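Reader: I am new to this structure. Please take me through one part of it, step by step.

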Amino acid sequence: VVQTPHGAFRRTKLKLHLTGDNGDSTVLFPPKFALVATVSFEAFDKFKTLSFDTSLSVVKSGIQWVKLGTIEENLVLQLGFRISDENKQKFEMRQAFLSQPTATE
């Protein structure tokens with residue numbers, strides 16, 4: 001749990017399950033791409049679609065983070081990408097976290 005000016009948020013590590021067009025478990029992203037993520041909860045009326053146009057640097061090493069959503073919107077999805085070992089001009093998604101407000105009593 002992380003304290004923010006908007007209250008306490010729980011940050012949860014997500015398990016990645018990606019499938020490419022050809023069925024591969026490795027999905028490669030170009031340096032510039034648009035992301036659309038749909039996050040759904042127990043009730044269908046609580047789903048949210050987040051989108052972001054991004055540009056990753058092929059000269060950086062390590063994880064590069066993309067954030068979709070904001071604390072003010074009560075939902076933040078953080079996606080970590082690194083340069084692919086197979087193709088130095090493409091990126092693999094390596095980590096994902098979802099932050100949302102903790103339940104209030």
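Author: What follows is a close look at strand S8 and the parts around it.

First, the ground rules. This is a predicted model, in which local features need pLDDT of at least 70 and side-chain atom pairs count only at pLDDT 80 or more, while totals for chains, interfaces and linings use all residues. Residues are numbered from 1 along each chain as its sequence is written, and side-chain values use heavy atoms, with hydrogens and water left out.

Now the whole chain. The protein has zero helices and eight strands. Helices (H or I, at least four residues) and strands (E, at least two) are DSSP runs, numbered from the N terminus. Along the sequence the pattern reads β-β-β-β-β-β-β-β. Of the 105 residues, 31% count as buried. Buried means under 20% relative accessible area, exposed over 50%, and partly exposed in between, with a 1.4 Å probe and protein chains only. Contact means heavy atoms within 4.5 Å. Among contacts between residues at least 6 apart in sequence, 47% join residues at least 24 apart.

Next, the pairing of S8. Two strands pair if DSSP finds at least two bridges between them. Strand S2 (residues 7-13) runs antiparallel to strand S8 (residues 91-101), and five bridges join them. In this pair, Arg-10 stands opposite Gln-100. Strand S3 (residues 28-29) also pairs with S8 in the antiparallel sense, over two bridges. Here Leu-28 faces Glu-92 as its opposite residue in S8. S7 is a further antiparallel partner of S8, with eight bridges. Gly-80 stands opposite Gln-95 there.

One residue of S8 deserves a stop. Ser-99 lies in this strand. Its relative accessibility is 11%, so Ser-99 counts as buried. Leaving aside neighbours within four places in sequence, Ser-99 is in contact with Phe-9, Arg-10, Arg-11, Asn-74, Leu-75, Val-76 and Gln-78.

Asn-74, one of those contacts, leads to the hairpin. Asn-74 sits in the loop between strand S6 (64-70) and strand S7 (75-83). S6 and S7 form a hairpin with four residues between them. Seven bridges join these two antiparallel strands. Val-66 stands opposite Leu-79 in S7. Back in the turn, Asn-74 has a positive phi of about 65°, although it is not a glycine. Asn-74 counts as partly exposed because its relative accessibility is 40%.

Then comes the loop before S8. Gln-89 is found between S7 and S8. Gln-89 and Phe-29 are 60 residues apart in sequence, yet 8.8 Å apart in space, C-alpha to C-alpha. Beyond neighbours within four places in sequence, Gln-89 is in contact with Pro-30, Pro-31 and Val-58.

Last, the core. A nonpolar core is a set of buried Ala, Val, Leu, Ile, Met, Phe, Trp, Tyr and Cys residues joined through side-chain atoms within 4.5 Å. The largest one has 18 residues, and those with the most contacts inside it are Phe-29, Leu-35, Leu-68, Leu-79 and Phe-81. Strand S4 (32-39), S6, S7 and S8 each supply at least two residues of this core. S7 gives the most, with five residues. In soluble globular proteins, nonpolar side chains tend to be buried together.
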